[in-house]
Amino acid sequence: AFCTAGRPGAQRPPLGSPTARGPAAVGGHRRRPGMGVAMCASPKADVASADVVASEPVRLNVYDFVPSGWSRPEWAWPKQVRSVNSAMRALGAGGIYHVGVEVYGREWSYYQGRGNDVGGILGCNPMGNEAHSFRESVPMGRTSLTETQVLEVLRDLSNNWHGEAYALLRQNCCHFCVETCRRLHVGHRVPEWMLRTAQLGADFEDLRNRACCQGDAIGCFDKHPDGEKAVLGFDVEVVKTKS
């Protein structure tokens with residue numbers, strides 16, 4: 001069993017070492033105050049026999065995305081973004097969501113850091129991400145991995161799913177859920193509507209880049225650092241938590 005826990009200002013132990021209960025992130029990354037719970041394998045995971053096949057339900061917890069830095073009355077903003085996402089999904093354009101994978105009583109997601117927060121994989125209570133507005137849960141089937149094996153999968157994912165690797169259109173929280181569910185060998189695929197907006201943006205980016213390479217005056221994303229920002233019209237961050 002291993003835990004990743006810490007407090008603001010406290011030295012974070014190496015991933016895999018037992019610690020006191022507290023907030024958590026994976027891979028030794030600093031997490032934000034107010035988010036996360038102790039990420040410890042339960043005793044049953046330590047005594048799991050190789051002859052026993054686990055069967056644990058896996059869900060995707062979907063939130064209406066709230067961009068960092070937007071100040072709106074708490075009663076108004078979730079209703080507005082929920083309405084926008086509902087309309088986008090009805091039109092086949094997906095929507096803008098934050099998504100986490102729930103398994104063994106914990107929810108795991110991926111976010112882009114900012115400032116002293118390096119980002120990466122973050123754990124919190126299921127449906128408990130305070131940065132966004134919870135919308136729905138989507139059953140994904142079951143995993144045969146034990147809790148300890150799931151934590152090992154997350155440890156391995158943290159090597160590539162760190163804050164610096166985050167890309168709004170090509171490596172965001174929804175893509176993290178796709179890869180995590182693949183590693184957990186669940187019975188269902190991540191719904192396309194969760195990925196649709198990012199895919200449309202990536203297709204538009206590719207189209208502009210091809211036009212640029214052909215000498216078109218339309219412009220080129222790889223020459224403009226704010227290219228992703230231009231697609232959605234505002235600067236965004238995947239996880240914003242309360243201090």
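Mentor: Two strands count as paired if DSSP finds at least two bridges between them. Keep that in mind as we look at this predicted model.

Trainee: Thanks! How many bridges join E3 to E4?

Mentor: E3 covers residues 106–114, and E4 covers residues 117–124 [117-124 is given in 15].

Trainee: And the count?

Mentor: E3 and E4 run antiparallel. At least two bridges are needed for a pair, and the number joining E3 to E4 is seven.Trainee: Which residue in the hairpin of E3 and E4 takes a positive phi?

Mentor: This hairpin has two residues between its strands. The residue with a positive phi near 65° is Gly115.

Trainee: Is strand E4 mostly covered or mostly open, and how many of its residues are buried?

Mentor: Strand E4 is mostly covered. To count as buried, a residue needs a relative accessible area under 20%. Of the eight residues in E4, the number that are buried is seven.

Trainee: Which residue of E4 does Tyr110 stand opposite?

Mentor: Tyr110 lies in strand E3 and is buried, with a relative accessible area of 0%. Its opposite number in E4 is Ile121.

Trainee: Let's turn to the rings. Why is the pair of Tyr63 and Phe134 called edge-to-face?

Mentor: A search of the whole structure finds six aromatic pairs. In this one, the ring centres of Tyr63 and Phe134 are 5.7 Å apart. Planes over 60 degrees apart count as edge-to-face, and the pair gets that name because the angle between its planes is 80°.

Trainee: How many residues apart are Tyr63 and Phe134?

Mentor: Tyr63 sits in strand E1 and Phe134 in strand E5, so the pair links distant parts of the chain. Tyr63 is buried at 0%, while Phe134 is partly exposed at 29%. Along the chain, their separation is 71 residues.

Trainee: What kind of pair do Tyr110 and Tyr166 form?

Mentor: Their rings are 5.8 Å apart, centre to centre, with 45° between the planes. An angle under 30 degrees would be stacked and one over 60 edge-to-face. With 45°, the pair is tilted.

Trainee: Where does Tyr166 lie?

Mentor: Tyr166 is buried, with a relative accessible area of 10%. The pair ties together parts that are 56 residues apart in sequence, because Tyr110 is in strand E3 and Tyr166 is in the loop between helix H3 and helix H4.

Trainee: Which residues form one aromatic cluster with Tyr110?

Mentor: Tyr166, the partner from the tilted pair, belongs to the cluster. Together with Tyr110, the members are Trp161, Tyr166 and Phe176.

Trainee: Which element gives the most to the largest nonpolar core?

Mentor: That core has 33 residues, and Phe176 is among those with the most contacts inside it. Several elements, including E1, E3 and H3, each supply at least two residues. The one giving the most, with six residues, is H4.

Trainee: Which ring does the charged end of Arg89 sit over?

Mentor: The charged end of Arg89 is 3.5 Å from the centre of this ring. Ala90, in helix H2, is exposed at 69%. Ala90 is 9.7 Å, C-alpha to C-alpha, from a residue 103 positions away in sequence, and the ring under Arg89 belongs to that residue, Trp193.

Trainee: Finally, how many helices and strands does the protein chain have?

Mentor: Of the 243 residues of the chain, 48% count as buried. The pattern along the sequence is α-β-α-β-β-β-β-α-α-α-α. In total, the secondary structure comes to six helices and five strands.

Methods:
Residues numbered from 1 in each chain as written. Predicted model: local features only at pLDDT ≥ 70, side-chain atom pairs only at ≥ 80, totals over all residues. Heavy atoms only, no water. Phe/Tyr/Trp six-rings, centres within 6.5 Å; stacked < 30°, edge-to-face > 60°. Helix = DSSP H or I, 4+ residues; strand = E, 2+ residues; numbered from the N terminus. Buried < 20%, exposed > 50% of the residue type's maximum accessible area, 1.4 Å probe, protein only. Lys NZ or Arg CZ within 6 Å of the ring centre and 35° of its normal. Core = buried A, V, L, I, M, F, W, Y, C linked by side-chain atoms within 4.5 Å.
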